[in-house]
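Open the model in your viewer and switch to a cartoon view. We will go one stop at a time.

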Amino acid sequence: MRYDVPVDHEKFGQVEVCVCRSGEIVNNARDRLYALSSLDSLGHLTFENFNPNGNALAKFKTPLETNSMHDAFQACLDFTVKMEGWILLEGGYGCGKTHLAAAIGNDAVQRGKATLFITVPDLLDSLRISYRSQETTFEERFNDIRDAELLIMDDFGTQNATAWAQEKLFQVINYRYINKLPTVITTNLILDEIESRIRSRLQDASLVRHIRIIAPDYRRPEDTSNPGISMLSLTNIKAMTLGNFSTRDDEIGREIVTTIIKEREDRYGRPFRDKEIVREKITQQHIKQLHNAHTAAIKFAEKPEGWLVLLGPSYCGKTHLAAAIGNYHLKSGGQVILAGVSDLLDYLKTTFRPNSDVSFDRRFYEIQTTPLLMLDDLKESGMSSTWAEDKLYQILNYRYLSNLPTVITSTLDPDSFAKSYPGLWNKFLGNKSCQVIVIDMPPYRPLAKPAKAAKKGAR
């Protein structure tokens, strides 16, 4: 159809679709998008069968996990009401991102909205195929994707990051950003890992609602501890539980002999190591401290909130309690990392290797934000480098300000801890959710087994 207008009119000579065919064209466009989508195989993913409290396999054990899932669920429900703005769902594998995104798509399709739900690799493949397609041109396919009434891009960041792919993605996202077209994006990446031009638009809080889902992988809920660093994957640590922790009640009055190596100087100022024998009897007060620590660990394991700091000499039971909390949390489907401080810092440094398949930012972010972090054997300040001290402070300060559950064990006494980490110590004292437990206990030594009585008639 052509408009009957003067030559100088802006629509002179233009061809437009007749009104009588507009409905047919809209339906065809909707059908083309649905054919490109994965919603046909994801029709069972709805809001009705999504459990924001976690399923029987992957239960949430911390308020952080529970709140993040409830926020994501509610945000997606709210989005379906007006279909305005953008939703960015960030999280690990199996946390529920695709289910929520598909639920939005299925709801929109039922309302008759032209919806495209597609993984980013499939989207790019679709564009590539259109170059040699006899049914459609690249321009038609690209416009269908770019102009979709609702575009849901699943698994953003898993695509092959060629220059062509990055440019096409940017063109789609930039067009929808400028025109404020409803868009949902799911990704396993953190924002720092996303191409800068796209990241800039995703950080526009006036348009984009960014929600990070922190939840265990419902497909593999038992695999929630990072095996690359967490001590919970070690055989001896796995055996440490709250049930087999010994409160040493039967050792009252027992004398513990300990050899301590101390650094000394001779009369000429030359350093040397000297052995010092220390004898100490276990008292009722020692046992009471151990019971207090055990009780605090049980309460923290059942409801991990705030910080738990265990101070005491070597072999007094600190690591056992920390490992027991971790194992309890892990078996309940929670996400946890238990790591020695030195090992943790070395683990971060491995990302600087040329053959590393993960960035430092990604690794640091995972540790900094893990639902439950337990640092074993925090030593005096004055580490091997300023970098190490800075990174450790950034991790601890972020977790404190974010109120993320954290357990610290250290051989430092309270005065030494306050001297080495004055800022952190003052925060402990000023926060009711931070509990400091001192275990001033002589080191554990296995009791000798009683000798077997000689058999009668033995010579």
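Which strands does helix α10 lie across? Select residues 318-331, which form α10. This helix lies across β8, β9, β10 (372-376) and β11 (406-410). It runs at about 160° to β10. Axes are lines fitted to C-alpha atoms, for helices over the stretch in contact, and angles run from 0 to 180 degrees between N-to-C directions. Contact means heavy atoms within 4.5 Å.

A word on the model. It is predicted, so local features need pLDDT of at least 70 and side-chain atom pairs need 80 or more, while totals for chains, interfaces and linings use all residues. Residues are numbered from 1 along each chain as its sequence is written, and side-chain values use heavy atoms, without hydrogens and water.

Next, select the sheet. It is open, has 5 strands and follows the order β9-β10-β11-β8-β12, with parallel pairing. Color the edge strands: β9 (336-340) and β12 (434-438) each pair on one side only. From one strand to the next, the twist averages 10°. Two strands pair if DSSP finds at least two bridges between them.

Now zoom in on β8, residues 307-311. This strand and β12 pair in the parallel sense over 5 bridges. Pick Leu310: opposite it, in β12, stands Ile437.

Finally, show everything. The protein has 15 helices and 12 strands. These are DSSP runs numbered from the N terminus: helices (H or I) of at least four residues, strands (E) of at least two. Of its 459 residues, 45% count as buried, meaning under 20% relative accessible area with a 1.4 Å probe, protein chains only.

How values were computed: Buried < 20%, exposed > 50% of the residue type's maximum accessible area, 1.4 Å probe, protein only.
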